[in-house]
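Open the model in your viewer and keep the selection panel at hand. Here is a short tour, one selection at a time.

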Amino acid sequence: MEPRLSHQVTDSVATVVIGHPAKRNAMTAAMWRSLPPLLEGLATDPGVRALVLTGEGGTFCAGADISTLRGSPEEAQRLAVAAEEALAAFPKPTVAAVRGHCVGGGSQLAAACDLRLAEEGALFGVTPAKLGIVYPASSTRRLVSLVGPAAAKYLLFSGELIDTGRALRTGLVDEVLPEGELGKRVAELTQVLVSRSQLTQAAAKEFANGRTDRDAYWAEQARGSGDTAEGVAAFLERRRPRFTWSVPTAE
């Protein structure tokens, strides 16, 4: 099978699958290029309210396909950063579902998701020091924001793999599930996410990511959305709210 990214949408959740099993789902240049336009389409699809990123089979992603670095390492890194930034900017909740290896470029993609759930036995590593590569500034800052300076330096300086226990303690992952339980937990969590207000989620994501110039925009969106009135009414009537605000197709 050719290396590729595939996706499907079920119950308002888009699942994007990294598929390159011959190389533990390593990302080729074509796969890096295909991720931003794929995400753009899913971001503007009103039928998508959350996104899950995972790998085919028993591994998440072993990083970039090293053979792609022989030609132009700078171009390979540019493609990886563009894909990572597109994932980080996705306006709806994103969850990385991690089994097996999550290394190098795979760890960049996982870090760019809002939440990371991992199956016991998964291994995480940030490995540019093994190849003499300067890790991108944006990726370094994102890693530091997740795990703190000391843990980020350990991962970057050593290139060593860490297990799920250490990943959980440092904040690199949010939950660790027993073998065979990851899929069930991801399904449960995403159904919670899709039942909540997209307005709240989209604004909170921007604010949490450090954007400071959109307070007026989000206040205007809230006034015109009807979500607050619906949420209060549903609470008082003891029913599930029917939120209607969705991410605009263009701004």
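Start with helix 1 of this predicted model. Its buried residues are Met31, Trp32, Leu35, Leu38, Leu39, Leu42 and Ala43. Now show what covers them: strand 1 (4-10), strand 2, strand 3, helix 2 and helix 3 are included.

Stay on helix 1 and look along its length. The helix has 15 residues and spans 22 Å from first C-alpha to last, close to the expected 21 Å. Where does helix 1 bend? Select Leu35: the bend there is about 25°, and a proline, Pro36, follows within four residues.

Next, select the largest nonpolar core, a set of 45 residues. Leu51, Leu53 and Phe124 touch the most other members. Elements giving two or more residues to this core include strand 2 (13-19), helix 1 (29-43), strand 3 (50-55) and helix 2 (73-88). Strand 4 (94-98), helix 3 (105-112), helix 4 (137-147) and helix 5 (149-158) do so too. Helix 1 gives the largest share, seven residues.

Zoom in on Leu51. Beyond its neighbours within four places in sequence, Leu51 contacts Ala14, Val16, Leu39, Leu42, Leu87, Phe90, Pro93, Thr94 and Val95. Another core, of 12 residues, lies apart from the largest one; among its members are Val95, Leu182, Val186 and Leu193.

Last stop: Ser107, in helix 3. Is Ser107 buried or exposed? Ser107 counts as buried because its relative accessibility is 10%, and buried means under 20%. Show its contacts beyond four places in sequence: Cys102, Gly125, Val126 and Tyr135.

Note on methods
Residues are numbered from 1 along each chain as its sequence is written. This is a predicted model: local features need pLDDT of at least 70, side-chain atom pairs count only at pLDDT 80 or more; totals for chains, interfaces and linings use all residues. Side-chain values use heavy atoms; hydrogens and water are left out. A nonpolar core is a set of buried Ala, Val, Leu, Ile, Met, Phe, Trp, Tyr and Cys residues joined through side-chain atoms within 4.5 Å. Buried means under 20% relative accessible area, exposed over 50%, partly exposed in between (1.4 Å probe, protein chains only). Contact means heavy atoms within 4.5 Å. The expected span of a helix is 1.5 Å times one less than its number of residues. The bend at a residue is the angle between axes fitted to the seven residues ending there and the seven starting there.
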